[in-house]
Number of protein chains: 2
Amino acid sequence: MLIQPRTPTGTLELLPREQMVFQHMLDTIRRGYERFGFVPVETPVFELKDVLLTKSGGETEKQVYFVQSTGAIQQGHAADLALRFDLTVPLARYVAEHERELAFPFRRYQIQRVYRGERAQRGRFREFYQCDIDIIGKDKLDSGYDAELPAIIVQIFEELKVGEFTIHFSNRKILLGLLAGFGIDDAEKQKLILREIDKLDKIGADKVCELIVALGLSIEHADILLRLIQHKGNKDEILAALDGLNARHQVFEQGLQEVKRMVDALRALGVPEHRTRLNLAIARGLDYYTGTVYETLIDEHPEFGSVCSGGRYDDLASFYTKSKLPGVGLSIGLTRLFDQFNAHKLLSAVPNTVQIVIFPLEQQYDQYALKLGTDLRKAGYTVENYWEPGKLDKKLRYADKAGMPVAILIGGDEVAKGTVIVKDLAAKTQVEVLHDNLLQKLGEMLQHPGV
Amino acid sequence: MLIQPRTPTGTLELLPREQMVFQHMLDTIRRGYERFGFVPVETPVFELKDVLLTKSGGETEKQVYFVQSTGAIQQGHAADLALRFDLTVPLARYVAEHERELAFPFRRYQIQRVYRGERAQRGRFREFYQCDIDIIGKDKLDSGYDAELPAIIVQIFEELKVGEFTIHFSNRKILLGLLAGFGIDDAEKQKLILREIDKLDKIGADKVCELIVALGLSIEHADILLRLIQHKGNKDEILAALDGLNARHQVFEQGLQEVKRMVDALRALGVPEHRTRLNLAIARGLDYYTGTVYETLIDEHPEFGSVCSGGRYDDLASFYTKSKLPGVGLSIGLTRLFDQFNAHKLLSAVPNTVQIVIFPLEQQYDQYALKLGTDLRKAGYTVENYWEPGKLDKKLRYADKAGMPVAILIGGDEVAKGTVIVKDLAAKTQVEVLHDNLLQKLGEMLQHPGV
């Protein structure tokens, strides 16, 4: 009785050539984070249940996966471990646990998988990669840092060749301050209004207007809000519009100053103007964020939703420490992004990590082939030595199926003449090359040594 | 009420400077695997229970972690997911599932964490990295491949600078064939005898002799076996001793031929002679292995046990497919190796991934600092822009604590003169450098651009 080999639903498992594309994206993201001085952190896949589930009864907890060893199950113990559902809670725990050993502002990147017991459906993953950066201050964190994160993402997304994209940002203090200025100073009510504003794209302006008026806003105030969140102008125009409101509420003023500082810093960092957009409609429902908020949209595919989101928070780890740890962070949801791009055939091809395969035409040239492989690896190429005896046809089919760019054939004639046959497997051409000229020829065929 | 931030026992969580060392080791291993033409595979952290636990009631199953979502627990369902406990079962499932899409011999590397519900004690991990390579054939796999794997490991371990090490190898067919030649042809009895031989280092030759004689071997035959497994000669001497036995059992002959082919190939691959040792005492208790077996010892620290083990198997995925898939594989247990080396202060330092931190001395130079940071990143350096206002002392303490090599200070005098102050934080020296000469100066201080 054979067992049918299959993976659990909601996981993304790739064939090797796809995995190379995914790996290239992971590498690009990591390199981008490191370029800006972020340091690596990895945390265990599971946390103690009481540490992970600090807030009880939330939507998140319903999706948590619990972990139990056979022994614990047999002894009837309840699970005391749970899989992380994001990288933010583990970061909070990490920073609180290692607070005295870390240098602040603490700039960490973390690229690991997270787990959610989502209902199974296309595009919903139970296991997916998050690629997070956060900057955590001790007691305070300069608002200039809020400009740095989008600058990093712009470089990374340009390298990833995801097409045109725009990072939309806002600062929650602007709308919250405006609402307070309009006399809506109940925090719960403010939150409800922001939540309706978040639906602008889905339900349209008229419906949003109706809903926020129902929540207590006057028609005039609702109108001001709706003009702001639908403003399609550039940053300077929107900033001028905000200045023109003459709204003097302190929270509004603070938000406006933070946005201005951020816009200046984005320019100093050389971020192309069209890559970021001040969009006051970005409210992000999560109460977690207290200032700047970000969402990233692929221009041609707004239906993908935000592929990189985050924001500023006042206090990272209040469940674990009395220290005040404000921070700002961004997260790329790579598994979902990869899956969407893959489904739309938008992924850029990447070179095979295997550059050269060497086929001895008869077994007596095995050792000759091994030595050649060793030499080519020393020259920086990635090289497979193929050992199986058999017909050349079969060998070439193998190289084709594996998607390798170059094959080198070694037969008796060639060994006698001091040559090898070099095949360009994509172009389906071949050429006989003197051993002494081999490295030059490979240099022409393969852009650069791979390793 | 604060919750004490802490990780579950049996997990290894590192501070950023340690994580950089660990990451450097992971990168070195991956690069080493790719250099020899292995392709990447990643599998989900959990498998379906019936897929993972093909053999019931084994030692392994006792250590398996089961995974259940909140919803499943509430509905009283038994867990249907379990965390992988090695990378071999997921490989078997992967190859069987994707058999028609893969090119054989299939050469994959997989570097991921695995999970075992071990009893908590120093050096026992519940979560640990395995770094596996396997070559899987369809129907057959040339025995030459058995030499390639140690060649790869030798390169990687030399790059990792783990000190002197030796890969011990044998071929189980040699001892099994000898036993059969001695009239012990019951497979169970053969296995019991190999298991006793595996204990040689722990209990000594006399005790092993006593135990295997008790299992039915004659004193003369036990003596032959003991001389072989204690043979300290080089490969040629041991091969000569085996030839001299005139044991004509077919299994023995086959094993001997395979070892000879492997020794030849190791030499053709340029593996230094002292890095591998033919050691017939390496029997490896696991029934799984059917030919070549490997163990890797750190010469100065045999007490670490084998840090990289594996072997040849006849059929990878018989639970999932009727196809015969013989293979050979090796695995580095990186978490344990790292932990042992760390505990003995044997780890080589690696450069900080953050090369340069820029401190504007007053806030008015923030934008100047941002532009300089952008320029240096374009030149290939990893650069942190520090924004917090405050005293220079505090900034330098930050850079020290984070272990950064170079700081650049920007103040009014320097901006006026077109210079910057460059501090070597390890040497505690500083020098004023003209903007135009900055890249040259950094090139002298930092070995090479980091990204």
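How many helices and strands does the secondary structure of chain A come to? In this predicted model, the tally for chain A is 18 helices and 16 strands. Laid out along its principal axes, the C-alpha trace of chain A spans about 90 × 65 × 45 Å. Chain A has 451 residues, and 45% of them count as buried. As for its contacts with a separation of 6 or more, 68% come from residues 24 or more positions apart.

Over in chain B, strand S12 (residues 356–360) is worth a look. Since 5 of its 5 residues are buried, S12 of chain B is largely enclosed by the rest of the structure. The side chains split between two directions: B:Ile356, B:Ile358 and B:Pro360 point one way from the strand, while B:Val357 and B:Phe359 point the other way. Whichever way they point, all of these residues are buried.

Then there is the matter of strand partners. S12 of chain B pairs with S13 of chain B (residues 383–385) in the parallel sense, over 3 bridges. Within that pairing, B:Val357 has B:Glu384 as its bridge partner. To get from S12 to S13, the chain runs through helix H15 of chain B (residues 366–378), and the resulting β-α-β crossover is right-handed.

S12 of chain B also pairs with strand S14 of chain B (residues 406–410), again in the parallel sense. This pairing takes in 5 bridges, and here the bridge partner of B:Phe359 is B:Leu409. Put together, S12 of chain B has parallel pairings with S13 and with S14, and the strand itself is largely enclosed by the rest of the structure.

Definitions and conventions. Residues numbered from 1 in each chain as written. Chains lettered and ligands numbered in written order. Predicted model: local features only at pLDDT ≥ 70, side-chain atom pairs only at ≥ 80, totals over all residues. Helix = DSSP H or I, 4+ residues; strand = E, 2+ residues; numbered from the N terminus. Buried ≥ 20, exposed ≤ 12 C-beta atoms within 10 Å, placed from the backbone. Contact = placed C-beta atoms within 7 Å. Pairing = 2+ DSSP bridges. Right-handed = clockwise from strand over helix to strand, strands pointing away.
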